Amino acid sequence: MNRRRIAVTLAGVAAFINLYAPQSLLPLLREWIGQDAARAGMIVSAGTFGVALAAPFAGLLADRFGRRRVIVFAAFLAVLPGLLSGLAPTPEWLMLIRLAQGLCLPGIFAVTVAYIAEEWPASEARGVTAVYVAGTIGGGFCGRLMSGVVAEFFGWRWGFVALAALQLLIALLIRAWLPPGRDVLKTRGSARTPLLPLLIRPGLRGAFATGFLMLFSLVGGFTYMTLHLSAPPFSLGPAALSMIFAVYLAGVVVTPYSGRLLNAFGHARVLVMAWGLGFAGLLLTLWPALLPVALGLCLFSVGLFIAQTATTSFVGEIAGAERGPAVGLYVTCYYFGGSVGGVLPSVVWHWAGWPGVVGLLCAAGALASVIGWKSYRFPKDEPHPVTDALPECGGEA
């Protein structure tokens, strides 16, 4: 058993188990806050906005204090706002607590991506990144499922409390199993990596833009899909809605193999192929029957998870020695996209319902594909293939 890879996978779970949990609770939360789709979306977006604000500083903290130390501390710190979410007296307080929780999370996933890139050679790092992304998928699914099922019987407040307890258990396992990395710690007098040159570097700039569009699409798609499925003719409740997120399990199975796709075809081609799956899935969700909608959500989520693996590994490889701050900036752009994705589609939703949201997400995906195709290039325009075979499913994790 490779505990280091298991710990990396658990870090992905810990980072996402709380972040999107309110999506399966939206029908109950709308009864509490009123029938305002934009306000309901802000419950989700508050967490992603906190992530976006804190992400650039996570890499700097890791450079100063060490990657493992920051990952473990952030995993424990995220437990507190999870508990407080269940005690929120007003919707505004819940948004504020969710913002605080989002501020904790970049210390887990932004730093874990940098940890992977430092600890494994490129050929293995792609596979380990894929396993880590599978962990994030599993965390997102478990968070939505547990919160929805618990809320169905005990109310949405206990849904948040149950997730906080699970977060604590995962934090203890990460602390026990994640070994120290090969950190090169920076002292107080050390020069800091300027962020502006990273923002305008061509390859990274394209990755930041595609990351923004990816989470914009993923959050917008699943947030407004829950509103779509809670209305006639589907009329699903919280527990049934949480089961819809079982489509994430397909991503857990498929995503680890995306490391092999990256080695064979390169980041740009995999990104475009992944968005092709996403487009097909979005179109299927327009069918007014639950089975085609579930299949469409499965294709949509798998496509975006593969695209996320391609983009995350590209950032880790292209950034070189500056990968800590570069990953932090990527996460900031990615989660700003998620924050916008929770709110902006509400305009289209009120005007054209779910078909309008599908059109908006397809436009975002087309733009992301074009940007990625032009940007995901290494020096001398090399496709950067790796011929070494990856272990099955990314290794022993």
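Helices here are DSSP runs of at least four residues, numbered from the N terminus. With that in hand, welcome to this predicted model. The protein has 18 helices and 0 strands, and Gly-127 is a handy place to start, since this residue lies in helix α8. Of the 397 residues, 59% count as buried. Among contacts between residues at least 6 apart in sequence, 85% join residues at least 24 apart.

**Helix α8 and its partners**

- Gly-127 of α8 is buried, with a relative accessible area of 1%.
- Follow the chain from Gly-127 to Leu-262 and you cover 135 residues in sequence, yet their C-alpha atoms are 9.2 Å apart in space.
- Thr-129 also has its place in helix α8, which spans residues 122-154.
- Thr-129 has a relative accessible area of 6%, and because buried means under 20%, this residue counts as buried.
- Which residues does Thr-129 touch, leaving aside its neighbours within four places in sequence? The contacts are Ile-116, Thr-312 and Ser-313.
- Thr-129 and Ser-313 are separated by 184 residues in sequence, while the distance from C-alpha to C-alpha is 6.7 Å.
- Thr-312, one of the contacts of Thr-129, belongs to helix α16, residues 290-318.
- Thr-312 is buried too, at 4% relative accessibility.
- Setting aside neighbours within four places in sequence, Thr-312 is in contact with Val-113, Thr-129 and Tyr-330.

**Two helices side by side: α15 and α18**

- Two packed helices are described by the angle between their axes and the distance between the axes.
- For helix α15 (residues 267-284) and helix α18 (residues 345-375), the axes come within 9 Å and cross at roughly 170°.
- Are α15 and α18 roughly parallel or roughly antiparallel to each other? They are roughly antiparallel, because angles over 145 degrees fall in that class.
- On the α15 side, the contact is made by Ala-268, Arg-269, Leu-271, Val-272, Trp-275, Phe-279 and Leu-282.
- On the α18 side, the residues include Val-358, Leu-361, Cys-362, Gly-365, Ala-366 and Trp-373.
- Sorted by kind, the residues of this contact between α15 and α18 are 12 nonpolar, 3 polar and 1 charged.

**Aromatic rings**

- How many aromatic pairs does the structure hold? There are 13.
- A pair of aromatic rings is described by the distance of the centres and the angle of the planes.
- Tyr-334 and Tyr-335 make an edge-to-face pair, with 4.9 Å from centre to centre and 85° between the planes.
- Both partners are buried: Tyr-334 has a relative accessible area of 7%, and Tyr-335 has 1% relative accessibility.
- These two tyrosines belong to one aromatic cluster, made up of Phe-16, Tyr-20, Tyr-330, Tyr-334 and Tyr-335.
- Tyr-330 of this cluster is also a contact of Thr-312, which links this topic back to the earlier one.

**Charges over rings**

- Arg-4 lies over the face of Trp-120, at 3.9 Å from the ring centre.
- Arg-377 has its charged end over the ring of Trp-373, 5.4 Å from the centre of that ring.
- You have met Trp-373 already, as one of the α18 residues in the contact with α15.

**Loops worth a look**

- Pro-233 is found in the loop between α11 (202-230) and α12 (238-244).
- Where is the cis peptide bond that involves Pro-233? This bond joins Pro-232 and Pro-233, with omega at about 10°.
- Ser-235 sits in the loop between α11 and α12 as well.
- The phi angle of Ser-235 is near 55°, a positive value in a residue other than glycine.
- Ser-235 has 47% relative accessibility and counts as partly exposed.
- Gly-155 is placed in another loop, the one between α8 and α9 (156-177).
- Gly-155 is partly exposed, with a relative accessible area of 26%.
- Gly-155 and Leu-25 stand 130 residues apart in sequence, and their C-alpha atoms are 9.3 Å apart in space.

Note on methods: Residues numbered from 1 in each chain as written. Predicted model: local features only at pLDDT ≥ 70, side-chain atom pairs only at ≥ 80, totals over all residues. Heavy atoms only, no water. Axes fitted to C-alpha atoms, helices over the stretch in contact; angles between N-to-C directions. Parallel < 35°, antiparallel > 145°, perpendicular 65-115°, else oblique. Contact = heavy atoms within 4.5 Å. Nonpolar A, V, L, I, M, F, W, Y, C, P; charged D, E, K, R; others polar. Phe/Tyr/Trp six-rings, centres within 6.5 Å; stacked < 30°, edge-to-face > 60°. Buried < 20%, exposed > 50% of the residue type's maximum accessible area, 1.4 Å probe, protein only. Lys NZ or Arg CZ within 6 Å of the ring centre and 35° of its normal.
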